[in-house]
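Subject: Structure handover

Hello,

Here is the structure for you to look through. Please open it first and then read my notes below.

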Amino acid sequence: MDVKNCKRCRKLFNYIGGQPICPQCREELEKKFQEVKNYLFDNRNSTIKDVVENCDIEESYIRQWIKEERLEFASGIDAGITCENCGAPIATGRFCEKCKASMINDLQSAGRQPEKPAPKPEARATHENKMRFLNQ
């Protein structure tokens, strides 16, 4: 059993996995997420700063939800989120579509079995590689 202090409220709790926060704080964050989600549904052209000010939530949580692809900003809105690989602006996640496709292609090609080389044709029997018996 792994016991940790909650990252938000500092209470001890039985840590199972995921974020190191207690069940009560996790529930509160989920309520805040729903509040942010509803706010963005009603105010589609909002920026991260607008959401922080109107929903009373830390910017780090909003950025985390964007990286987890739980939130996505409308196209054309500069959310200040960039691809971790190439730096291109993105609306959600960690990588742009181009980099995702490239990574998928790289992983698929790495998982393939290497082609077996064609078998070499047998060498013709020559005088040197024939079996011989010694005279006794």
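The notes below go from the whole chain to single residues.

**Ground rules**

This is a predicted model, in which local features need pLDDT of at least 70 and side-chain atom pairs count only at pLDDT 80 or more, while totals for chains, interfaces and linings use all residues. Residues are numbered from 1 along each chain as its sequence is written, and side-chain values use heavy atoms, with hydrogens and water left out.

**The whole chain**

The chain has four helices and two strands. Both kinds of element are DSSP runs, numbered from the N terminus: helices are H or I with at least four residues, strands are E with at least two. Read from the N terminus, the order is β-β-α-α-α-α.

The chain has 136 residues, and 23% of them count as buried. Buried means under 20% relative accessible area, exposed means over 50%, and partly exposed lies in between (1.4 Å probe, protein chains only).

The chain exposes about 11200 Å². Carbon and sulfur atoms supply 50% of that area. Accessible areas come from the Shrake-Rupley method with a 1.4 Å probe; for residues, only the protein chains shown count as cover.

Now contacts, meaning heavy atoms within 4.5 Å. Take the contacts with a separation of 6 or more: residues 24 or more positions apart account for 27% of them.

**Helix H2**

Helix H2 spans 48–55. Its buried residues are Ile-48, Val-51 and Cys-55. Seen down the axis, they fall within an arc of 60°, so they line one face of the helix. The arc is that of the directions from the helix axis to the C-beta atoms. On the other side of H2, Lys-49, Glu-53 and Asn-54 are exposed. What covers the buried residues of H2? The cover includes H1 and H3.

Next comes Asp-56, just after H2. Asp-56 lies in the loop between H2 and H3. Its phi is positive, about 55°, although Asp-56 is not a glycine. Asp-56 is exposed, with a relative accessible area of 64%.

**Helix H3**

Helix H3 covers residues 59–67. Its buried residues are Tyr-61, Ile-62, Trp-65 and Ile-66. They cover an arc of only 140° around the axis, which puts them on the same side of H3. What do the buried residues of H3 pack against? They pack against helix H1 (23–42) and helix H2 (48–55).

Glu-69 follows just after H3. Glu-69 sits in the loop between H3 and helix H4 (97–111). Glu-69 has a positive phi of about 65°, and is not a glycine. Glu-69 is partly exposed, with a relative accessible area of 46%.

**The largest pocket**

The largest pocket has a volume of about 150 Å³. The search ran on a 1 Å grid over the protein atoms alone. A pocket is an open set of points where a 1.4 Å probe fits, with protein on both sides within 12 Å along at least five of seven lines. Grid points are joined across faces, edges and corners, and the volume is the space filled by probe spheres set on the points.

Which residues line the largest pocket? They are Lys-7, Arg-8, Gln-19, Pro-20, Ile-21, Leu-29, Ser-60, Tyr-61 and Gln-64. A lining residue has an atom within 4 Å of a point. H3 gives the most to the lining, with three residues. The lining divides into four nonpolar, three polar and two charged residues. Nonpolar covers Ala, Val, Leu, Ile, Met, Phe, Trp, Tyr, Cys and Pro; charged covers Asp, Glu, Lys and Arg; the others, Gly among them, are polar.

**Gln-19, from the lining**

Gln-19 is in the loop between strand S2 (12–15) and H1. Gln-19 is partly exposed, with a relative accessible area of 30%. Not counting residues up to four places away in sequence, Gln-19 touches Arg-26, Leu-29, Gln-64 and Glu-68. Gln-19 and Lys-7 are 12 residues apart in sequence and 8.5 Å apart in space, C-alpha to C-alpha.

**Asp-2, in a strand**

Asp-2 lies in strand S1 (residues 2–5). Asp-2 is partly exposed, with a relative accessible area of 38%. Leaving out residues up to four places away in sequence, Asp-2 touches Phe-13, Asn-14 and Tyr-15. Asp-2 and Phe-13 are 11 residues apart along the chain, and their C-alpha atoms are separated by 8.5 Å.

Best wishes
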